[in-house]
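Reader: I should like to study this structure through a series of questions. Which term should be settled before we begin?

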Amino acid sequence: MAFLISFDIDGTLEFGDPPGGITVEMVRRAQELGFLIGSCSDRFPSAQKALWEARDIRVDFVAAKHMLPDIRSRFEAVKYLHIGDRELDQQLAEKAGFEFLWDHEGVAEPWLEWLESHGG
Amino acid sequence: MAHPIAPNSWHRNREGLGIWEGRGKVVATGVGTSPTARRWDERPETSLGALTIIAIRKAIEDAGISPDEIDGIVLTPESTTGVSNDPMSPAPEGFDQVFKMVDFPQAGITRGDIDWILLNMPELKNVEFKMNGPVCMSVALTTAAEAVSRGLTKTCLVVRGWHNLAGRYYVGQGAAALNTSSGPGKYGGIWGMPACATTAMIFEEYCNKYGKSHEMMAPFVVEERRNGLMNPDGFYTQHRPEMITVDDYLSGRWIAKPANIYDNDLPIQAALAVIFTTPELAAHHAQKPVYILNHAQTRPELQGVTPTLAEWEASSDKMGRMLYEGAGIGPEDLSFEQMYDGFTLFHQFHLEGLRFASRGEKRGYALDLYQTDISIEGPNPVSPSGGNSGNGRTRWWHHRDCILQLQGRSPSQIKRKAEYGVSGAHMPNFCDALIWGAGPD
């Protein structure tokens, strides 16, 4: 069973506007370790897709920020996490049954510990 | 120093005034646009003031004239509709090492200021006429048109810059900008609703009355982004060259249903300067003169603290009648339509008030028009500039593009012959608008 991480873009990812602290390398590492990854942002979905493609990352999903419940229903995972920089991110994440991390908390890549605690 | 604003008598705000006395006596020639940014990074060289200076120098260069020839300036001092600094906040450290400062410490930072501009642009040494055009570039344009037509200035800069500070723009004007709500906002703006809520409410009324839906807005929003992405000066072209699809638009998060996030325009930093002059003087300018054929103004006549559908329709109908009366043209003469679009959901009120491409219909036809060819290639170009939705929030892309279209050099040039255009902002019942012509009549 996988873990799923949803990234907000602006203010969260390094290629957001404004840039956030989560680097492409961190995202790539999570994907290589088997995490389901993607973005849920107010950037429109086709733009999110293009942003990932430009960085040569094939994400599992892109969606508008308020569609987190849809992402949860589409993917089976042990844990669901959304990382963002606004109270709205927190509100929508918790409403959709996601754990939530602020962008600055995500910089430490705490999800890597999940693998150890789940025998990964 | 506080500079005057135009007296009320300059504004053409009622019917029955006949052809505008200044019709064909005022032209626009040079246009200068600064680079854009999503937010200010707090460097002096990217400040509102710096962008304004860039825009002015580009406009003068574009017109092919000497700065000596500028003898007037009309400027919109307000440079945001969102959260700003306290007016008396000191300038950031180092700002005064780059720019000379006037008494007002936020000049060039969160407020446009004529004295600050003149102090920092020594080449503008012959400016005698100075006037503010408050609230909107539209007011600055109509004020400058009157000033030139009345002989108060011969070659006049018309200027507006926008700042956008880091952080949230606003959630309800009163709640975020100040500790207490004051001015007219204390009646309607204290409830914490998002800025687009009133528009959303009236749009919903519109849809109910005429049997339309929010989905019918999609072709307009998509076309605006397409047009905006042709503009090398636009925010999206410069920073996010991403085309929106119908599905993208329809997936947008509701901000105030039925207004979604993509019905809201994106706040940015940018500045625009335009040169107004007389047709005689324009003969030696580098750019083809674009004639101002009329201007008009509406202001709210409300029965309550928020407007109604009937009031928006009546006010924009009146705007249409006043514009055509003073310009001596009719709706069928318009080559394109560029009324304000920030928020997208009120654009159709302006469009229908003008009866643009109405085919005899009076109200409730615009969203059907959006389902037809409204592109720059088609017979009825709607918002060929892309407006705020396609370029970022300035309230002036549409004015700017009227000039460029009629000069034949717009980056999104319409395919049909451009002879007459219209632009105005901002709300359907609080609007200043102009009719532009390729010729004097």
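Author: Helices (H or I, at least four residues) and strands (E, at least two) are DSSP runs, and both are numbered from the N terminus. The model to which these names are applied here is a predicted one.

Reader: Where in chain A does Glu109(A) lie?
Author: Two helices of chain A serve as landmarks, α5 at residues 103-106 and α6 at residues 112-117. Glu109(A) belongs to neither run, and its place is the loop between α5 and α6.

Reader: Is Glu109(A) buried or exposed?
Author: Residues under 20% relative accessible area are called buried. The relative accessible area of Glu109(A) is 11%, so this residue is buried.

Reader: What is phi of Glu109(A)?
Author: Glu109(A) is a residue other than glycine, yet its phi is positive. The value is near 50 degrees.

Reader: Which phi does Asp56(A) have, and is Asp56(A) buried or exposed?
Author: Asp56(A) lies in the loop between α2 (45-54) and β3 (61-64) of chain A. Although Asp56(A) is not a glycine, its phi is positive, at about 60 degrees. Its relative accessibility is 66%, and a value over 50% is needed to be called exposed. Asp56(A) therefore counts as exposed.

Reader: How many aromatic pairs are there over all chains?
Author: Rings of Phe, Tyr and Trp pair if their centres lie within 6.5 Å. By this rule, the count over all chains is 23.

Reader: Why is the pair of Tyr80(A) and Phe98(A) described as it is?
Author: A pair of aromatic rings is described by the distance of the centres and the angle of the planes. The centres of Tyr80(A) and Phe98(A) are 5.4 Å apart, and their planes stand at 55 degrees. That angle is neither under 30 nor over 60 degrees, so the pair is tilted.

Reader: Which parts does this pair tie together?
Author: Both residues are buried, Tyr80(A) at 8% relative accessible area and Phe98(A) at 5%. The two parts are 18 residues apart in sequence. Tyr80(A) is in strand β4 (residues 77-84) of chain A, so the pair ties this strand to the place of Phe98(A), the loop between α4 (87-95) and β5 (99-102).

Reader: What kind of aromatic pair do Phe100(A) and Trp102(A) form?
Author: Phe100(A) is buried at 14% relative accessible area, whereas Trp102(A) is partly exposed at 24%. Their rings lie 4.9 Å apart, centre to centre, with 85 degrees between the planes. The pair is edge-to-face.

Reader: Which residues does Gly97(A) touch, not counting those up to four places away in sequence?
Author: Gly97(A) lies in the loop between α4 and β5 of chain A, where it is partly exposed with a relative accessible area of 38%. With residues up to four places away set aside, it touches Arg72(A) and Tyr80(A).

Reader: How do the axes of helix α7 and helix α12 of chain B cross?
Author: The axes of α7 (residues 197-210) and α12 (residues 309-327) come within 9 Å and cross at roughly 90 degrees. Angles of 65 to 115 degrees are classed together, and α7(B) is therefore, relative to α12(B), roughly perpendicular.

Reader: Which residues of α12(B) make the contact?
Author: On the side of α7(B), the contact includes Tyr206(B) and Tyr210(B). By class, the contact has five nonpolar, one polar and three charged residues. From α12(B) come Leu309(B), Trp312(B) and Glu313(B).

Reader: Which residues do ring pairs link into a cluster?
Author: Tyr206(B), Tyr210(B) and Trp312(B), named in the contact of the two helices, are also among the members of this cluster. The other members are Phe203(B), Tyr340(B), Phe343(B), Phe346(B) and Phe349(B).

Reader: Over which ring does the charged end of Arg225(B) sit, and over which that of Arg299(B)?
Author: The charged end of Arg225(B) is 3.7 Å from the centre of the ring of Tyr236(B), over which it sits. For Arg299(B) the distance to the ring centre is 4.0 Å, and the ring is that of Phe430(B).

Reader: What is omega of the cis peptide bond that joins Ala425(B) and His426(B)?
Author: His426(B) lies in strand β10 (residues 420-427) of chain B. The bond that joins it to Ala425(B) is cis, with omega at about 5 degrees.

Technical notes. Residues numbered from 1 in each chain as written. Chains lettered and ligands numbered in written order. Predicted model: local features only at pLDDT ≥ 70, side-chain atom pairs only at ≥ 80, totals over all residues. Heavy atoms only, no water. Phe/Tyr/Trp six-rings, centres within 6.5 Å; stacked < 30°, edge-to-face > 60°. Buried < 20%, exposed > 50% of the residue type's maximum accessible area, 1.4 Å probe, protein only. Lys NZ or Arg CZ within 6 Å of the ring centre and 35° of its normal. Axes fitted to C-alpha atoms, helices over the stretch in contact; angles between N-to-C directions. Parallel < 35°, antiparallel > 145°, perpendicular 65-115°, else oblique. Contact = heavy atoms within 4.5 Å. Nonpolar A, V, L, I, M, F, W, Y, C, P; charged D, E, K, R; others polar.
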